Amino acid sequence: MILVSVILFVFAAVTLWWTMHAWRTPETLAATRFAAPDGEQHLTFSLLVPARHEQAVLERTVRRLLESTHEGFEIIIIVGHDDPETAAVARRVASTSPGRILVVTDHNEVKNKPRALNTALPYARGDVVGVFDAEDEVHPELLEHVDHAFRATGADVVQGGVQLINFHSSWYSLHNCLEYFFWFRSRLHLHADKGFIPLGGNTVFVRTDVLREANGWDGTCLAEDCDLGVRLSSRGAKVVVAYDSTIVTREETPHSLGAMLKQRTRWHQGFLQVLRKGEWRRLPTFGQRMLARYTLTGPFLQAFAGLAIPLGIAVALVADLPVGVALITFLPVLPMAANLMFQVIGLRDFGIQYGLRIRAQDYTRLVLGLFPFGVVLSAAALRAIWREYTGRHNWELTAHVGAHLSKAAA
Amino acid sequence: MSTLELPARINASPRPAVRTRREVPDLLIAGVLTALVLVLLAWNIDGFPTASDDEGTYLAQAWAVQEGRGLAHYTYWYDHPPLGWIQLAALAWLPAWLAPGLITVAAGRLVMLPVQAATLLLVYLVGRRSGLPKWGAALALLTLGLSPLFLTMGRQIYLDSFAVAWMLGAVALALSTRRHLWHYAAAGAATAIAILSKETILLVLPAVLLALWQNSARTSTRPWALGSYVTGLVLVGGFYPLYAVLRGELFPGADHVSLIGAWQFQLMSRDGSGSVFDASSGTNALVHSWLYYDRILLIGGLLAIVPALFARRLRPIGVAAAILTAVALRPGGYMPAMYVVQVLPFFALALAGVITTAVTRLEPRRDRRRAVAVAVVAVAALSFVVPRWYAGAERALTAADNAPYEQAAAYLSTRIPDPAGTTVVVDDVLWLDCVRAGYQPDRVIWFYKLDLDSEVAARLPGGWRDVDYLVSSPALRQDPSGLPTVGALLAHSTVVAEFGSSDGRIEIRKVDKENTP
């Protein structure tokens, strides 16, 4: 009991420490921002947009990309050969801007995002390949910032910020939004600093030659983005993360709890696959390998902690333990409660940065929903383990209805 | 690397390219001065001042913690949070190692040396982080360390010394030069430990918050800084009520002690010690006893409060000193005897801060006249302070006030036949000495508990007749009317040995069980 409590405490404390990375000092916070672009444009971009049964949102996304202030970019939309509706939308948009937009058809029998991206890679002509999802809302000035970031830092990879915005949609979307906020605002910067980074699925930019050398994406991996980050990290690629709330790519949360459970299962299972592939063992330093091991197993530790900590408290309160032992079982509650405190502050900060009004009821939902959300994450983690060890590796796609877009329009 | 463009560090002091003259490092200044004060504190620590009952109580409670008997040698009733004597217990190896021969209270005082060393170093650090130059911070350290009041009360085993050391740590962390989030969280935790060491230090909390607020001004991380502080404070502080909850002692009940019940007593039922302005009140007498030891720091600190409030960087210190003063001067209210221990470091910082600021503003280096004026004032001040403080230090280094206690302890351990079968009533100074001399802990009774603890009364079915010896000390004779059993014991006993003279004497009295009705 004491041992479990101490382990849980250490785990929760380390996670909290890393989550708060960006806010450690005013200087570190300032360093996480994109530097203001110098107005010059030197690089050319190939923006890959894989779309699958996403005819409802694709056109808007591409039109928004076309508004980019950067001059040198092309858009490559990848559609499946069995998905005529999306293909029709893609072709119609492409015809409005010939030369800028290319539509590539993916003929792979088993369809998934990494295979779609690999299909498009040979067509990419730009210096840098960027990936966006079909439902992303991309800021017109993003490419200029990224161009400058590549040149100013000599990076091989630039990861921009992604943010879920529709925190009002459901009880779990609030937590989902905050999760993204803490991940992109803070935690990823730590990974970039340490030289081991699981990249995000979109708004990620890689130098085309580096990407080709790494043989593109892994078509069998459920978390191709994480896998790419791990492989590039172990090859010593320089990764830069920059976050600026004004030019962050906006996304929506999964539209139902079931969809979120599936999405989470896929990510967690992907993390497991990356762990088993063992590419991370090639990382140069011991610290990086430990960070990799810890990060990739993190969701499962989290699932375990999310269940064990409340259980421990219940035991401490109900069972007749010696007072000293009972006090120690409360140890893991410290970082958990601290986390809750920072979530509240994070929600306020999130509201300020995105110009959203956060009401008292939102804070209430945050506090009340923390434990149920932990249960959902734990369930997803257990489901991922079960799927991985029963050999079910198929891709459960998250559907998109455009909730963040209607909100933005309103 | 995620750094796109590192902004210049906002608060970093510009480093001169060529150093014209080697500067003495802070650590050396603070370390040497602290060592000097420690020598003054340690010298004759067993002889002066007279051992007080409170010191014995805290030591006995620390002994109970060490022996695994719970949080006190009697039923713990949430009178004070226990962290102070838990720290005392954690440091108990020190006297056993340094001076095994001394009586318990005198030896126990050695534990205070590391605590006071921390306080002195932190006074220097807080001074530096409040914008004082090195000489100003050193002045603050010496103003505290050489004050006769500090040389007296700083030696004694008071929980307030632990509390004020942690609170100074909290202020220093709140003024963190790197403004690191975890420094703020640590400041919160230090505040909580301070409050759990001695609850009255809570009064200084607004000063720590102000320091935090000022230090995080115009930074992007202020809400996070405040959040960290509150988190550290609440989470560490929460363990105390949690302890009460786990023992089922949070709310008052018929047959058990409780945390909230103790608070109700402390805040509402406890008799006040009167107003400081009432010449006949206990508070007035207490303040006079402090002034007897040192007027300079107390009055000088008092005068420095207002100017300190007007200098931005001294304001947190000014606020702390102002609140502590206002609470001491409030009418009614209860004032503990060791209250001043918490006041001294803040007064020293305020006084030194105001003097330093004044001298810096005068710019004595600019012309000869200013330099002469500053020098004249400094010499005059020193000629006023030095003789008084010298007398105080001399008393602290030479007086032998605890001889009666030492003799009584020796008598109790050698001259009483069959200690293990003897029931003896003592004050708390001698309690632990008796237990160590072979008396049964259950049969060494702190006089105060005879009439106030039903559990103790139950151990003596025959009342005062079950007691064999009574040790009468000034603390015991102070208020016999409130304690009937103690009064009966005094009436039905004869003196078999007497140490010391007049009011300070200690008598070993044998209880006469036969020749009374």
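**Note on chain A of the predicted model**

1. Of the 410 residues in chain A, 50% are buried (20 or more other C-beta atoms within 10 Å of a residue's own, with exposed meaning 12 or fewer, and C-beta atoms placed from the backbone). The model is predicted: local features need pLDDT of at least 70, side-chain atom pairs count only at pLDDT 80 or more, and totals for chains, interfaces and linings use all residues. Residues are numbered from 1 along each chain as its sequence is written, while chains are lettered from A and ligands numbered from 1 in the order in which they are written.

2. Chain A contains 15 helices and nine strands (DSSP runs numbered from the N terminus: H or I of at least four residues, and E of at least two). Its C-alpha atoms occupy a box of roughly 75 × 45 × 40 Å along the principal axes.

3. Helix α13 of chain A covers residues 333-353; at 1.5 Å a residue, its 21 residues should span 30 Å, and the end C-alpha atoms are indeed 30 Å apart (the expected span is 1.5 Å times one less than the number of residues). Buried residues of α13(A) include Val333(A), Phe342(A) and Phe350(A). After α13(A) comes Gly355(A), with a positive phi near 60°.

4. Asp320(A) is situated in the loop between α11 (286-318) and α12 (323-329) of chain A. Asp320(A) is exposed, because 5 other C-beta atoms lie within 10 Å. Its C-alpha atom is 42 Å from that of Phe167(A), 153 residues away along the chain.
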